[in-house]
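The exercises below ask the reader to work from a model to a residue-level description, one step at a time. Each task sentence is followed by its solution.

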Amino acid sequence: MGRPRHWLFKSDPEEFSVEDLKAAPGRTACWDGVRNYQARNFLREEIGEGDRVLFYHSRRRPSIVGVARVVRAGYPDHTAMDPQNPHFDPRSTPENPLWYMVDIRLEAVFKEPLPLSLLRTIPELKTMALLRKGNRLSVQPVTPKEFEMILLLARNTPERTVER
DNA sequence: GCCAACGTTGGC
DNA sequence: GCCAACGTTGGC
């Protein structure tokens, strides 16, 4: 498959929000703490520099809140090797890292989040992995068409213009 | 706060 | 290798 590819990253905003990414140096942060093998495989093998990312807030007000760009492809997640870190995993070592992360840079925050409830009403998004029942994957692929539709929704409504 | 869905663990 | 028990995710 060609580049860029498209992804959706979930985050509990109480842990790490799109505003946290906006406030980070260079609007760039590493996407650490992923401890699921399927998501790990995407981070380690599939996601490349230049890929595009939808930033999703889970929980309180589930919604897509912005877009980001992958600026560094998969490399070992150092938080897994830090005993002080809540995501520490003693099975992961520098010689044989178990968990991976990528770096992303924020490109835009939507002025109004696109809530899950709205996304469910869009026929073109019916097939989105995010909308499938019981889906818990925190890093998931998005089709180019789905991605474009999300950006269209973010732009089209006047109060949903994209803030740079 | 509830609970369904899911992933992981571990006894056998 | 099966599967029950358990812990976690995450929408509602």
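**Exercise 1. Describe the lining of the largest pocket by residue class, and then place this lining in the fold.**

Solution. The model is a predicted one. By class, the lining of the largest pocket comprises five nonpolar, five polar and five charged residues. The lining consists of 15 residues, and those nearest the centre of the pocket are Lys-10, Ser-11, Asp-12, Glu-15 and Asp-32. Strand S1 (6–11) and strand S2 (28–30) are the elements that give two or more residues to this lining. The volume of the largest pocket is about 550 Å³.

**Exercise 2. Determine which residues line the second largest pocket, and how they divide by class.**

Solution. For the second largest pocket, the volume is about 210 Å³. Its lining is made up of Lys-10, Val-34, Arg-35, Asn-36, Arg-136, Leu-137 and Ser-138, and these residues divide into two nonpolar, two polar and three charged. Lys-10, which belongs to this lining, is also listed among the residues nearest the centre of the largest pocket.

**Exercise 3. Identify the protein residues that surround DNA strand B, and state which parts of the strand they meet.**

Solution. The residues around DNA strand B are Tyr-37, Lys-133, Gly-134 and Arg-136, and by class they comprise one nonpolar, one polar and two charged. Turning to the strand itself, of its atoms within 4 Å of the protein, 67% belong to sugar or phosphate, while the rest belong to bases. In the side chain of Lys-133, an N or O atom lies 2.9 Å from a phosphate oxygen of DNA strand B. For Arg-136, a side-chain N or O atom is 2.4 Å from a base oxygen of the strand. Arg-136 also takes part in the lining of the second largest pocket.

**Exercise 4. Locate the backbone exceptions, and give the accessibility of the residues with positive phi.**

Solution. The rule to start from is that most residues other than glycine have a negative phi, and that most peptide bonds are trans. A cis peptide bond, with omega of about -10°, joins Arg-3 and Pro-4, and Pro-4 is found in the segment before S1. Arg-27, in the loop between helix H1 (18–23) and S2, has a positive phi near 50°. Because its relative accessibility is 26%, Arg-27 counts as partly exposed. Arg-59 likewise has a positive phi, of about 75°, although it is not a glycine, and this residue sits in the loop between strand S3 (52–57) and strand S4 (63–76). With a relative accessibility of 60%, Arg-59 therefore counts as exposed.

Technical notes
Residues are numbered from 1 along each chain as its sequence is written. Chains are lettered from A and ligands numbered from 1 in the order in which they are written. This is a predicted model: local features need pLDDT of at least 70, side-chain atom pairs count only at pLDDT 80 or more; totals for chains, interfaces and linings use all residues. Side-chain values use heavy atoms; hydrogens and water are left out. A residue is near a molecule or strand if one of its heavy atoms lies within 4 Å of it. A polar contact is a pair of N or O atoms within 3.5 Å; within protein, one must be able to donate a hydrogen and the other to accept it, and residues adjacent in sequence count only if both atoms are side-chain atoms. Ala, Val, Leu, Ile, Met, Phe, Trp, Tyr, Cys and Pro count as nonpolar, Asp, Glu, Lys and Arg as charged, and the others, Gly among them, as polar. On a 1 Å grid over the protein atoms alone, a cavity is a set of points where a 1.4 Å probe fits but cannot get out, and a pocket is an open set with protein on both sides within 12 Å along at least five of seven lines; lining residues have an atom within 4 Å of a point. Grid points are joined across faces, edges and corners, and a volume is the space filled by probe spheres set on the points. Helices (H or I, at least four residues) and strands (E, at least two) are DSSP runs, numbered from the N terminus. Buried means under 20% relative accessible area, exposed over 50%, partly exposed in between (1.4 Å probe, protein chains only).
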